[in-house]
Every structure is written in C-alpha cells, then in structure tokens.
Amino acid sequence: MLIPSEFISDLNERTDLIELIGAHVKLQRKGANWVGLCPFHQEKTPSFTVHPAKNFYHCFGCGAYGNAIGFIQKYYGISDFPAAVEKLAAMQGVTVPRQGGSAEKQRHIQQNDELLASVMQYFQQQLRQDEAAKAYLKERGVQGKTAVLYKIGYAANEWNGLEQTLASQKEQLEKLGLLRKKNDKTYDYFRNRIIFPIIDTNDRVCGFGGRALGEEQPKYLNSAENRYFSKRRLLYGLPQAMKAAQEKKRLIICEGYMDTIMLAQAGFNETVATMGTAATAEQMKKAARFAANIYFAYDGDSAGQKGAFRAMQGILAALKDGVSVFFLFLPPDHDPDSYIQANGREAFDQLLKNAMPLGDYLVEALSKQTDSLSQEGQATSIIKEGGQLLQLLNLREAPAWHNLLQKKLEQVTGISLTAGMAKRWRALTVKSGYSISPQSPLYQLLCCLSINPELVEQLPQTLPLPGAEQEAQIAGAIIEKLRWHIPDEDEKIDVPALVEKLGHSRLAQQLKRSLHSRYAHTQDIQAEIISIINTLEQKHAQLSRRGKQEWLKKLQEQNLPPPSSQ
C-alpha cells in the first residue's frame, strides 16, 4: 500500500523544521537560516544548517541533508520510509492515508502489532510463574530490574500453551511462525526457553529469540523471518541503548542477547547485539545514527575472528566519514557475558580503551589470511583482497576513510592501489551507443536520479537489476559511477553528461529530455524511487521463481531428485 505523494509533500511542507530539529539540536539564527552542531557527527564548530524557507537541512561537515521525513529517518534510525512518515504524521497529529489499501488492511497491521505485544506479555507472565526459569536467570546473574527492562519472558515446556492462551488468534500466530504444524497438529514454536523480545526503535515488538533451558538444539532459536522480523535490519537492545549511546557517543555491538544484557547490567548500557549474525550494512547504518564511535566486541576464538572479518563487508558498505570503528577481542575462553562476570567492569573498560581501530584490524586480518604465502605473494594478496574490500566504500560518504585505508594497505605492502582502482573504473564502461527502453523500470530509475542524483546514496547496495542483460549492465555501470563520483562543494552532478562520457549518447539525450518530463514535476522524487525499487524487486523475484521452476523441470526430465529443503 503506497502513501500518496501529495500527502508526503504536504506533510513535509506543514512541518516546522526549526521546531522539529530544534527539539534535538540547539539552533541559533544566522541570517535567514539557523545553525547548530550536527547531531550525526562530532564537531566543535557548527556546520549544520537548517533552511526554513526551503524546508531542508544540510551539514557541510558530514554531508547529511534532507527534509523533515529525512531527518526523522536519520535521527531515529528508521530505515523504513513509510514508518518514518507514520512517525512524523503522529507528531503532527494527522493520519496517514494509503493508496490501494483498505481500512481493513490497516486494521490488520494494527492487529498484528497488538498480537505480538500480547505474545510478549504472555511470555512475561509465564516467567513470573515459573520458579525454574527465574532460578536459571538468577544463576546467570540477571537481576530482576534487568529482566524487566529488557522485557525477558519464558516459554513454558508445554506443547500448546500459547495456542490455548491466544486461541482466537491461532491463524495469525501460524502466519507469524509462532505456531507450527506437525501431523496436522499445531504446537508452540518456542518451548522451554528463556524469551528475549526484539523491539524496534518505535517500541513495536518485531519478533522473539529463545534460549533453551535444557539440552534442546539449537541452543538459540529466533522468530521466522517476515515483514516484522528481519535480523539484517534489527539490533537487539537498541531501544534500551539509544539514550546512553547518544550521551556517551559510543555504541558497543556484540553477538548475543546475554552479552548485551550482562554488559548493560554492568554499566555498559550502550550495548546492542546482532543476534548471532555478522554485522550488516543496514545494522551499521543504524548504529552510526546514534553514536560516532562503534565498538565491535567479539569472542577471541577462531569463530569470533571469522565473524569479525565477515562483518567487514557490512561495515565498509555503510561507513561514513565522521564515524570511527574499533574491534576488541576477548580471551579465547570468554564471550562478553562470561568475561564481564569473571573480570568486572574495569577490565572490560580496559579492553575498550585498547580496542583496535578499523584500519589496523583490516591490515592484521588480511595479513593473517596470507601467512602461508611468500613475502611477495602476501603483499600481492593483501592489496588484491584489500582493494576489493575498499570497493565497498561509498566514496561520496567516506572519501577520508577510503584515503586512510588505501594508504595503510599501500604502506604495509609497498604496492599502489591506484592502478587497480583506475582499472575498475574503466571496466564499468560497456558497449557504447546502446539505450534503455523508456518503459523499463531501470530507465525510470535513471530519470529520477537525473533529477536528484544525491538519492543514489539511498539505493540498496545490492539493488536488483532485472531486465535485458545489456540494460542491466548499463544501468548498473551508471549507478556505480554515481556512487563513486565526488563533486566539488555545491557542484550538482550532471547525470546525462556522465552517461555521455560512458559512451551512451542516445540514452544521454533521453535523460536530458526527462529533466523536463513528468519526473521533474514529481512532488516527492524519493517516494517515486522507492516505488521503482519495489517494482524491480518484484520483477527480480518473478525471474528467480521462473528460473527455479525451469531448473526443477530439467531435473525431472533427467530423472534426478529435487534438492533437499534443508
């Protein structure tokens, strides 16, 4: 269901940006504008400017810019655009209308939110009634006030306790994966587990994590992925950590629920968790909105080392100048939970002080991976692998980081990365003279970027590009060029001119005409892009399904069994 662009435009216009931003940033008038210290990066001299007449903000220090909805997204860490619209609309006391959606569907969304909240309350009630579960938490060192703060619960060792308690919601509980079926009988997905509710920054319950009390496997179990719960986007404990992170200008990211809880209980209440997965770009972007210094705390064993290196891709893809990243590794026989209980707050605080900066860690991790090679082979491998990692950086957002990391790699290897980067740039040029169909969503996306090229920063790093192979190749090259292009201050990127340089004169002429087409009069180009991305994702999903069906058909023709669902 789409939010009408007219409503989005009106909401931005009716919002007093000085009042909205002034509630979070101390602003002072300077001529027709207002200035203050940027809330998105550390600075001593104000470079954050609010332009009330034009109704947008801009920071000359870190490059942050946007309108009222953009500020809500960035300040509160809301990656979902409709959710940001909802939040701003609530502040203004207005209701968000929807296109193509009925009031019944709106009620359905609200009912889901209420149902997940009821499930959380059920688990909390079960904990209050179960002495064994309370004894387990006490044995682990969890205090009562901590359990209340994190809304910890318990799923009783019963086959269908949740089903019986919320019987009227059985169908929806099944859709959310909280009830499962076996031999035509339903049963509770979480049983005999300590329950950790995962709550977003809007205080909505998104899902649950469960830790087995007995020997059940897996030890940790999470809600099924759905529209409410996505481990890639969420950080456990963020609602509890937001205020402390902003005050301390630091966020500690670990891997587990108990790590977060025990560190917070020890005084490190700026701690969150990735819920057992490597950090993603979405999580890193969210973390950077609340603190300028991000500390990743990993177990010191080989699994922890591998997890830290896997997280590197997500970290670099979301890294911005003004944000510092550090890594700390615990002794091999400890995780943050056990370490803080065995050694205390001061010892962990010392680990934070001795944490390894991102640049040093990058060089060390790459060196360890190439230990078995000769000195020359090691240097070549480091520069190759390091160069590939640096390609993940958004040069518009993190030019200083790119220069720093490139210099570190070059210093340790004695090999220049510049030639490799130039080769990559040239590789983005594809066969000249080709165009893209005006009916293609890829063409529509390029038209929107021609109007507002800065919005390329908001495109997903792995944007699906379905369509003719040549069209996808051209669109991908142009989008990548835009990501890498760093204009001088106040310079506006000329997308048609960039396309012309790539050798696509016909497409360049088309895009020039689009500057005066309906796209130029679209009230909210950002909403238009979001709609196009949704279309691209749907087309990509359709092609994926079609490809899978053709593959299975070929297997059947060859009398081969289909692959296991596991």
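Is Asn534 buried, partly exposed or exposed? Asn534 is partly exposed, because its relative accessible area of 31% falls between the two cut-offs of 20% and 50%. The model is predicted. Its protein chain holds 23 helices and 16 strands, and buried residues account for 50% of the 566 residues. Of the contacts between residues at least 6 apart in sequence, 65% join residues at least 24 apart.

**Asn534 and Tyr187**

- Asn534 belongs to helix α23, which spans residues 525–557.
- Between Asn534 and Pro441 there are 10.0 Å from C-alpha to C-alpha, and the two are 93 residues apart in sequence.
- Tyr187 sits in strand β8 (residues 185–188).
- With a relative accessible area of 17%, Tyr187 is buried, because the value is under 20%.
- Tyr187 and Trp159 are 28 residues apart along the chain, with their C-alpha atoms separated by 5.5 Å.
- Beyond its neighbours within four places in sequence, Tyr187 has contacts with Trp159, Leu178, Leu179, Arg180, Lys181 and Lys182.

**Helix packing**

- Helix α3 (residues 68–76) packs against helix α4 (residues 81–92) at an angle of about 105 degrees, the axes being 9 Å apart.
- The pair α3 and α4 therefore counts as roughly perpendicular.
- In this contact, α3 supplies Ala68, Ile69, Ile72, Gln73 and Tyr76, while α4 supplies Phe81, Ala84, Val85, Lys87, Leu88 and Met91.
- Helix α15 (residues 358–369) and helix α16 (residues 375–390) have axes that come within 9 Å and cross at roughly 130 degrees.
- That angle makes α15 oblique to α16.
- The crossing of α15 past α16 is right-handed.
- Leu362, Leu366 and Ser367 of α15 make the contact with Gln378, Ile382, Glu385, Gly386 and Leu389 of α16.
- α16 also packs with helix α17 (residues 399–413), their axes coming within 9 Å and crossing at roughly 175 degrees.
- α16 and α17 are therefore roughly antiparallel.
- On the α16 side of this contact are Ala379, Ile382, Ile383, Gly386, Gly387 and Leu390, and on the α17 side are His402, Leu405, Gln406, Leu409, Glu410 and Thr413.
- Ile382 and Gly386 of α16 appear in the contact with α15 and again in the contact with α17.

**Helix α10 and its surroundings**

- Helix α10 covers residues 238–248, and Leu238, Ala241, Met242, Ala244 and Ala245 in it are buried.
- The cover over these buried residues includes β12 (250–254), β13 (271–273) and α12.
- Lys249 follows α10 and has a positive phi, near 55 degrees.
- Lys248, Arg250 and Glu270 are joined in a network of salt bridges.

**Buried charged residues without a salt bridge**

- Lys286 is placed in helix α12 (residues 281–288).
- Lys286 is buried but has no salt bridge, and Asp200, the nearest side chain of opposite charge, lies 7.3 Å away.
- Leaving out residues up to four places away in sequence, Lys286 touches Gly77, Ser79, Arg233 and Leu238.
- Leu238 is one of the buried residues of α10.
- Asp259 is in helix α11 (residues 257–265).
- Asp259 is likewise buried without a salt bridge, with Arg140 as the nearest side chain of opposite charge at 6.6 Å.
- Apart from residues up to four places away in sequence, Asp259 touches Cys254, Asp335, Pro336 and Asp337.

**Salt bridges within helices**

- The whole structure contains 11 salt bridges.
- Lys134 and Glu131 form one of them, with the closest N and O atoms 3.1 Å apart.
- Both residues lie in helix α6 (residues 131–139), 3 residues apart, or about one turn of the helix.
- Lys134 is partly exposed at 33% relative accessibility, and Glu131 is exposed at 57%.
- Lys175 and Glu171 form a salt bridge with an N to O distance of 3.8 Å.
- Lys175 and Glu171 are about one helical turn from each other, because they are 4 residues apart in helix α9 (residues 170–175).
- Both ends of this bridge are exposed, Lys175 with a relative accessible area of 56% and Glu171 with 58%.
- In the salt bridge of Lys368 with Glu364, the closest N and O atoms are 3.6 Å apart.
- Lys368 and Glu364 are 4 residues apart in helix α15, so about one helical turn separates them.
- Lys368 is partly exposed, with a relative accessible area of 46%, and Glu364 is partly exposed, with 32%.

Technical notes
Residues are numbered from 1 along each chain as its sequence is written. This is a predicted model: local features need pLDDT of at least 70, side-chain atom pairs count only at pLDDT 80 or more; totals for chains, interfaces and linings use all residues. Side-chain values use heavy atoms; hydrogens and water are left out. Helices (H or I, at least four residues) and strands (E, at least two) are DSSP runs, numbered from the N terminus. Buried means under 20% relative accessible area, exposed over 50%, partly exposed in between (1.4 Å probe, protein chains only). Lys and Arg count as positive and Asp and Glu as negative; His and the chain ends are not counted. A salt bridge is a side-chain nitrogen of Lys or Arg within 4 Å of a carboxyl oxygen of Asp or Glu. Contact means heavy atoms within 4.5 Å. Axes are lines fitted to C-alpha atoms, for helices over the stretch in contact, and angles run from 0 to 180 degrees between N-to-C directions. Angles under 35 degrees count as roughly parallel, over 145 as roughly antiparallel, 65 to 115 as roughly perpendicular and the rest as oblique. A crossing is left-handed if the near helix is turned anticlockwise from the far one by less than a right angle, and right-handed if clockwise.
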